[in-house]
Amino acid sequence: MTDNGQVFHINTRGISPTTAPVVLPEESERRAQEIIKQYPQARSAIMPLLYITQEHFGLITQAGVDWVAQKLSMPPVQVWEVATFYTMYYKKPVGRYHIQVCRTLPCALRGARKVSEFLHRHLGLAPGEVSKDGLWSFEEVECLGSCGTAPMCQINDVFFENLSEEKLTALLARIEKEKPDLRFSTVRDELGAGLSGCPKSEII
Ligand code: FES
């Protein structure tokens with residue numbers, strides 16, 4: 001029982017018999033089977049399968065978690081454990097362009113706070129908020145593994161590095177104008193079309 005009196009039943013043995021089967025579009029189902037076959041143990045496919053559900057639902061939902069759990073014959077709570085650990089799985093709705101600013105020490109020492117403050121001013125959003133037109137959202141996250149090019153951020157599935165206010169201003173303007181597809185599709189196994197003629201680390 002939690003502090004606010006809610007009671008959770010954690011099923012540690014298997015999939016709840018009351019969970020209705022979840023089915024995603026044929027392409028997603030086919031891709032999931034392909035991925036599962038690549039691993040000696042099916043449960044090792046949990047992360048790519050979470051990406052497939054996120055691609056389908058736009059965020060991690062209970063239905064998506066149930067789909068992964070059913071595919072991998074594991075308890076939904078174990079799928080939630082993975083989904084809630086990693087910030088690349090969205091637990092609440094995000095904008096079409098979701099900016100994740102790294103705030104861990106190397107990025108902090110090289111100006112991550114200024115990056116966050118700039119986004120707060122420029123987009124009029126606090127971390128965790130989505131813009132009214134649904135275009136933008138941003139949040140601060142821990143190390144994204146690109147410490148050597150700090151400060152940096154990830155927009156959808158693409159890194160932008162060595163950031164400054166000038167670079168961010170130019171980058172946001174180009175995204176608003178070109179509306180690139182910055183998401184990696186696990187179903188198609190490819191990154192969408194990025195900013196044309198604009199290598200990700202060299203915006204201006
Ligand atoms: S500290 Fe920012 S990417 Fe590692």
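Mentor: Two strands pair if DSSP finds at least two bridges between them. The model here is predicted: local features need pLDDT of at least 70, side-chain atom pairs need pLDDT 80 or more, and totals for chains, interfaces and linings use all residues. Residues are numbered from 1 along each chain as its sequence is written.

Trainee: How many helices and strands does the chain have?

Mentor: Both are DSSP runs numbered from the N terminus: helices are H or I with at least four residues, strands are E with at least two. From the N terminus on, the order is α-α-α-α-β-α-α-β-β-β-α-β-β. The count is 7 helices and 6 strands.

Trainee: Which strand pairs with E1 in the parallel sense, and over how many bridges?

Mentor: E3 runs antiparallel to E1, joined by 3 bridges. There, Ile 99 stands opposite Ile 155 in E3. In E2, Glu 140 stands opposite Val 101. The parallel partner of E1 is E2, over 6 bridges.

Trainee: How many residues of E1 are buried?

Mentor: Buried means 20 or more other C-beta atoms within 10 Å of a residue's own; exposed means 12 or fewer, partly exposed is in between, and C-beta atoms are placed from the backbone. Tyr 97, Ile 99 and Val 101 point one way from E1, with His 98, Gln 100 and Cys 102 pointing the other way, and all are buried. The count for E1 is 6 of 6.

Trainee: Which residues have the most contacts inside the largest nonpolar core?

Mentor: Such a core joins buried Ala, Val, Leu, Ile, Met, Phe, Trp, Tyr and Cys residues through C-beta atoms within 7 Å. The largest has 21 residues. Strands E1 (97–102), E2 (136–141) and E3 (153–155) and helices H6 (112–123) and H7 (165–178) each supply at least two of them. The residues asked for are Ile 99, Val 101, Val 115, Met 152 and Cys 153.

Trainee: How many residues are in the second, separate core?

Mentor: Its members include Ala 32, Ala 45, Ile 60 and Val 79. The size of this second core is 17 residues.

Trainee: Which residues does Val 101 contact, leaving aside neighbours within four places in sequence?

Mentor: Contact means C-beta atoms, placed from the backbone, within 7 Å. Val 101 touches Glu 140, the residue opposite it in E2. The full list for Val 101 is Ala 112, Val 115, Ser 116, Leu 119, Phe 138, Glu 140 and Cys 153.

Trainee: Why do the buried residues of H7 lie on the same side, and how wide is their arc?

Mentor: The buried residues in H7 are Leu 168, Leu 171, Leu 172 and Ile 175. The arc is taken from the directions from the helix axis to the C-beta atoms. They share a side of H7 because their arc around the axis is only 95 degrees.

Trainee: Which residues are exposed on the other side of H7?

Mentor: Start with the covered side: E1, H6 and strand E4 (158–160) are among what covers the buried residues of H7. On the other side, the exposed residues are Glu 166, Ala 173 and Lys 177.

Trainee: Is Gly 192 exposed or partly exposed?

Mentor: Gly 192 lies in the segment after strand E6 (190–191). Beyond four places in sequence, its contacts are Asp 181, Leu 182, Arg 183 and Ser 185. Gly 192 has 14 C-beta neighbours inside 10 Å, so it counts as partly exposed.

Trainee: How far apart in space are Gly 192 and Leu 182?

Mentor: In sequence they are 10 residues apart. C-alpha to C-alpha, the distance between Gly 192 and Leu 182 is 5.6 Å.

Definitions and conventions
Two residues are in contact if their C-beta atoms, placed from the backbone, lie within 7 Å.
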